[in-house]
Amino acid sequence: MFISKQTLFAAVVALSTLPFLAHAGEIPTKKQTDLGLYVTAVEAADMLQDPNVVLVDVRSRVEVAFVGIPKRANVNIPYKIMPGFAEFNPEKGTYSMVPNPDFANVFDEYAQENGISRDRKIILICRSGSRSARAANVLAKLGYTNVYSLVDGFEGDKAAEGPQRGQRVVNGWKNAGLEWSYKLSETQVYPEDR
C-alpha cells in the first residue's frame, strides 16, 4: 500500500492537534470564544463535506489576495482591515490593522441573502485562530449559536523551536495539505466588493 507524503503529513498534523482540542482549557486565551466551539483545519475539512456547513474566511483582502484562500470557503468577510495609512507597530514588527466596522452588518446581510439560519454550522478561519475567535464572539452576540473558530487557521501556529522557529509550519489549513487557491471565485469575494 502506497501512502503519499502529503497524506502522511496530514495524518500527523491531525493526530498532533487532537489532545489540544480535547481540553478546551488548553486553548490560549486569545483563541477562546464565548460559545466554546473549536475545530482544527483537518476537522473542519471533514465537517465541510456537508454542503450546509458554511466556511467564512475573516482575513483581510490583502491576506487572501497574496496568501490564498481555502477552495471550500464560501466567502471572505474581513474581521479586521488594513487602513489606508496603517501605522507600524514596532512591538509586533508589523503594520496595525483595525476592526472592520462593517463586519457584523455585512455578515448578517450575507447570511440573510444566502439562507443561513442562526443555528447553522459556521466555521470561521483567519491566519492562526485569534481573529476568528473574536469574529465568532461578534456573531454570537448577533444570535448565531453554532459558530466554530478554526484554532490553527489558514497558515497555522509558529514553531517554538528548531530550524523553522517562528515560522507558521506547525499546523493549519495549508500545512495540512488541504485544498486552497490563490484565485478567488466570484462568490468568495467580499460582498462589499461585488
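Okay, let's start with one residue, L150. Setting aside its neighbours within four places in sequence, L150 is in contact with V39, T40, A41, A44, I123, L124, I125, G129, S132 and W173. Before I go on, please remember that this is a predicted model.

So where does L150 sit in the bigger picture? L150 belongs to the largest nonpolar core, which has 22 residues. Together with V39, L55, I123 and W173, L150 is one of the members that touch the most other members. Helices α2, residues 41-47, and α3, along with strands β9 and β10, each put at least two residues into this core. And which element gives the largest share? That's α2, with 5 residues. There's another core too, lying apart from that one, with 21 residues, and V75, F103, V106 and L139 are among them. As background, nonpolar side chains tend to be buried together in soluble globular proteins.

Now, L139 takes us to helix α5, since L139 is also one of the buried residues of that helix. Helix α5 runs over residues 130-141, so you're looking at 12 residues. From the first C-alpha to the last, α5 reaches 17 Å, which is close to the 16 Å expected at 1.5 Å a residue. Which residues of α5 are buried? The list is S130, R131, S132, A133, A135, A136, N137 and L139. What do they pack against? Quite a mix: helices α3 (61-67) and α4 (103-113), plus strands β5 (80-81), β9 (122-125) and β10 (147-150). Just after the helix you'll find G143, and its phi is positive, near 105°.

Let's stay with R131 for a moment. R131 is in helix α5, and at a relative accessible area of 11% it counts as buried. The cut-off for buried is under 20%, so that's why an arginine with 11% gets the label. Leaving out neighbours within four places in sequence, R131 is in contact with V58, R59, S60, E63, Y79, K80, M97 and C126.

R131 turns up again at the largest pocket. That pocket has a volume of about 830 Å³. How many residues line the pocket? There are 24, and K92, R127, S128, R131 and R168 lie nearest its centre. Helices α3 and α5 and strand β7 (94-95) each supply at least two residues of the lining.

Next up, salt bridges. The count for the model comes to 5, and I'll walk you through a few.

Take D57 and R59 to begin with. They form a salt bridge, and the closest N and O atoms are 2.6 Å apart. Are these partners buried or exposed? D57 is buried, with a relative accessible area of 0%, and R59 is buried at 0% as well. R59, you'll recall, is also one of the contacts of R131.

Then there's R61 with D193, where the side chains meet in a salt bridge at 2.6 Å, N to O. R61 lies in helix α3 and D193 in the segment after β11 (180-181), so this pair ties together parts that are 132 residues apart in sequence. R61 counts as partly exposed, at 39% relative accessibility, and D193 counts as partly exposed too, at 42%.

The next pair is D108 and R118, with the closest N and O atoms 2.9 Å apart. D108 sits in helix α4 and R118 in the loop between α4 and β9, 10 residues apart. Here D108 counts as buried, at 15% relative accessibility, while R118 is partly exposed, at 36%.

That same loop between α4 and β9 holds S117. S117 is partly exposed, at 33% relative accessibility. Remember G143, the glycine that follows α5? The C-alpha atoms of S117 and G143 are separated by 9.8 Å, and the two are 26 residues apart along the chain.

Last stop: F66, over in helix α3. Is F66 buried or exposed? F66 is exposed, with a relative accessible area of 64%. And F66 has a partner far along the chain to look at: Y182 is 116 residues apart from F66, yet their C-alpha atoms are separated by 7.0 Å.

That's my tour, so thanks for listening.

Terms used: Residues numbered from 1 in each chain as written. Predicted model: local features only at pLDDT ≥ 70, side-chain atom pairs only at ≥ 80, totals over all residues. Heavy atoms only, no water. Helix = DSSP H or I, 4+ residues; strand = E, 2+ residues; numbered from the N terminus. Expected span 1.5 Å × (residues − 1). Buried < 20%, exposed > 50% of the residue type's maximum accessible area, 1.4 Å probe, protein only. Contact = heavy atoms within 4.5 Å. Salt bridge = Lys/Arg side-chain N within 4 Å of Asp/Glu carboxyl O. Core = buried A, V, L, I, M, F, W, Y, C linked by side-chain atoms within 4.5 Å. 1 Å grid on protein atoms, 1.4 Å probe; cavity = no way out; pocket = protein on both sides within 12 Å on 5 of 7 lines; lining within 4 Å. Points joined across faces, edges and corners; volume = space filled by probe spheres on them.
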